[in-house]
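Got the viewer open? Then let's take a walk through this one, selecting as we go.

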Amino acid sequence: MTDDLREAARRAADTAADHLAAVPRGPVWRPVAGPDLDWLTRQPLPAAGRPLAELLGDADRHVLPYPMGNGHPRFFGWVNSPPSAAGVVVAPLAAAMNPSCAGGEHAGVLLERTAVRWLAELAGFPHPPGAGLLTSGASMATVVALAAARQRAVPDVRETGLYGRPPLAVYLSEEGHSCLRKAVELLGLGSGHIRTVPVDDAFRMDTAALRRLVAADREAGVRPFFVAASAGTVNTGAVDPLEDVAEVARGHGLWFHVDGAYGALGVLADECRPAYAGLELADSLALDPHKWLGVPVGCGCVLFRDPSGPRAAFSLVPPYLRDDDAGELGWFSEYGPEQTRPFRALRVWATIAHLGHDGVAGLVRHTTRLARVLGAMIEGSADFDLLAPVVTSVVAFRYRPAGLDAAAVETLNEVIPAAVQRRGRAFLTGTRLRGQQALRACVLHPDTAEADLAVLLEEIRAAA
Ligand SMILES: Cc1ncc(COP(=O)(O)O)c(C=O)c1O
């Protein structure tokens with residue numbers, strides 16, 4: 001068994017390295033072809049097992065040829081980065097150790113303390129001991145943050161629930177990510193109590209409108225309790241005026257959350273940094289290592305100013321888990337909903353240790369610079385419109401060739417992303433902005449070059 005494992009592990013390492021080397025030469029994405037589709041979706045449950053080497057052959061033939069595309073330098077879709085080399089290298093080691101990072105004294109738990117502290121330091125967020133944990137992604141980070149906020153607002157919520165209480169109002173920007181709404185619904189706060197705050201011309205939360213909405217709620221006897229700002233929205237990469245939002249939150253006793261899932265690390269680029277003033281004032285910050293940092297999926301993180309908030313919301317230690325040696329901070333499983341927790345920290349630690357602070361900052365600078373170059377190319381092209389200022393590494397735009405009426409432009413921009421994807425030379429996705437269909441390109445890949453941006457625009461024209 002051990003020798004089989006050694007041989008198969010060596011082959012798997014070669015396969016992974018070969019795959020990563022081949023990705024930039026292949027199509028960014030391609031549809032799954034007939035027999036492989038059958039293999040992927042219709043395999044019967046095998047009665048008998050097969051040797052590891054055969055499984056690797058299967059993966060090589062049927063799995064690796066069909067990536068999502070995010071390893072390719074011309075993948076500009078959603079917010080999905082290529083995997084960091086260090087993350088790929090250490091992932092099998094985490095699997096080989098296979099701890100549960102719920103708690104206890106072992107490397108997985110101890111290294112998570114360092115990984116979280118490093119992330120806080122990179123983002124410029126305060127980090128009292130224990131004030132953060134790794135999660136599956138920002139959606140779960142948001143649930144943890146909102147639960148901590150709900151706990152502060154209603155200290156007996158775990159016993160009594162919210163039924164029959166005055167509603168708690170939640171303030172989200174029009175451009176806030178859908179995971180915020182999901183968290184509100186999941187925690188029983190009711191999406192009917194979300195106040196949607198409009199945005200300004202640059203898609204940043206309009207804080208004057210926020211003040212008005214909070215005042216109106218107070219007057220109506222509704223209790224304002226939580227405001228979420230974005231440090232990098234998914235649609236345009238906008239960073240909300242964080243200091244102003246913090247001031248409103250402070251003035252009205254609101255929990256101030258920042259969704260930095262995609263964009264928190266933008267603070268590392270000199271030209272972006274001023275936009276992030278006030279990030280450090282948040283009660284909670286969601287930040288996804290599996291986005292800009294390139295930690296292999298899935299790895300999110302939530303940071304808190306005060307670790308007692310999430311602990312009060314989640315701590316539940318049944319007798320079989322009691323650990324009198326757990327120390328002051330207790331177990332990670334007391335700070336979130338997960339009990340058995342994977343060893344995410346090894347991939348985070350390795351990725352940051354491999355790049356160093358300066359390497360991470362270099363990656364952020366490279367990608368934000370390219371996004372600005374793409375923005376300038378779009379502004380310089382008569383057939384494209386730039387729809388939002390480029391603040392981080394997202395570019396929101398629209399293809400508008402001469403001679404088409406508004407309805408035709410709308411339809412064209414709806415169908416362009418899928419048509420570009422099918423051509424296989426670039427990958428972008430769309431969204432809606434101010435009721436209009438838009439294209440958006442998010443630059444996250446360290447190997448993307450200016451020439452790739454030109455290909456993207458060519459591909460849009462060709463697909464259109
Ligand atoms: C701004 C923002 N917030 C939250 C999320 C949700 O993160 P996750 O997919 O890791 O749950 C995303 C995902 O793209 C995002 O871009």
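Is Glu54 buried, exposed or partly exposed? Select Glu54 and switch on a surface: with a relative accessible area of 39%, Glu54 comes out as partly exposed, since buried means under 20% and exposed over 50%. Glu54 sits in helix 3, residues 52-63. Now add Ala8 to the selection: it is 46 residues away from Glu54 along the chain, yet the two C-alpha atoms are separated by 9.4 Å. Keep in mind as you click around that this is a predicted model.

**The whole chain**

Zoom out and switch to cartoon. You should find 14 helices and 11 strands. The radius of gyration is 23 Å, close to the 23 Å the globule rule gives for 464 residues, so the protein is as compact as a globular protein of that length. If you want a box around the C-alpha trace, its principal axes span about 70 × 60 × 45 Å.

Next, colour by accessibility: 50% of the 464 residues count as buried. The protein exposes about 20600 Å², and carbon and sulfur atoms supply 55% of that. For a charge view, pick out the 44 positive and 52 negative charges; their mean positions are 2 Å apart. A contact map is worth a look too: among contacts with a separation of 6 or more, 72% are between residues 24 or more positions apart.

**Into the cores**

Hide the surface and show side chains. The largest nonpolar core has 99 residues, and the ones touching the most other members are Leu134, Leu210, Phe225, Val227, Phe256, Leu285 and Phe304. Highlight helix 6, residues 138-153, which gives the most to this core, with 9 residues. There is also a second, separate core of 23 residues; Leu374, Val395, Leu439 and Ile460 are among its members. In soluble globular proteins, nonpolar side chains tend to be buried together.

Now centre on Phe304. Beyond its neighbours within four places in sequence, its contacts include Phe125, Pro126, Pro128, Val144, Ala148, Trp255 and Pro310. Not every partner is nonpolar: Asp283 and Ser284 are also in contact with Phe304.

**Backbone oddities**

Most residues other than glycine have a negative phi, and most peptide bonds are trans. Here are some spots to check against that.

Start with Val297 and Gly298, which are joined by a cis peptide bond, omega about 0°. Gly298 is in the loop between strand 6 (284-287) and strand 7 (300-304).

Then jump to Phe203. Its phi is positive, about 65°, although Phe203 is not a glycine. Look for it in the loop between strand 3 (194-197) and helix 9 (207-219). Phe203 is buried, at a relative accessible area of 2%.

Arg434 also has a positive phi, near 45°, and it lies in the loop between strand 10 (429-433) and strand 11 (436-442). Buried or partly exposed, then, for Arg434? At 47% relative accessibility, Arg434 counts as partly exposed.

**Last stop**

Go back to the loop between strand 6 and strand 7 and select Gly294. Gly294 counts as buried, at 5% relative accessibility. Which residues touch Gly294, leaving aside neighbours within four places in sequence? Show Ser81, Pro82, Pro83, Ser84 and Pro289, and you have them. To finish, draw a distance from Gly294 to Lys182: the C-alpha atoms are separated by 25 Å, with these positions 112 residues apart along the chain.

Key
Residues are numbered from 1 along each chain as its sequence is written. This is a predicted model: local features need pLDDT of at least 70, side-chain atom pairs count only at pLDDT 80 or more; totals for chains, interfaces and linings use all residues. Side-chain values use heavy atoms; hydrogens and water are left out. Helices (H or I, at least four residues) and strands (E, at least two) are DSSP runs, numbered from the N terminus. The radius of gyration is taken over C-alpha atoms; the globule rule is 2.2 Å times the number of residues to the power 0.38. Buried means under 20% relative accessible area, exposed over 50%, partly exposed in between (1.4 Å probe, protein chains only). Contact means heavy atoms within 4.5 Å. Accessible areas come from the Shrake-Rupley method with a 1.4 Å probe; for residues, only the protein chains shown count as cover. Lys and Arg count as positive and Asp and Glu as negative; His and the chain ends are not counted. The place of a charge is taken as NZ of Lys, CZ of Arg, CG of Asp or CD of Glu. A nonpolar core is a set of buried Ala, Val, Leu, Ile, Met, Phe, Trp, Tyr and Cys residues joined through side-chain atoms within 4.5 Å.
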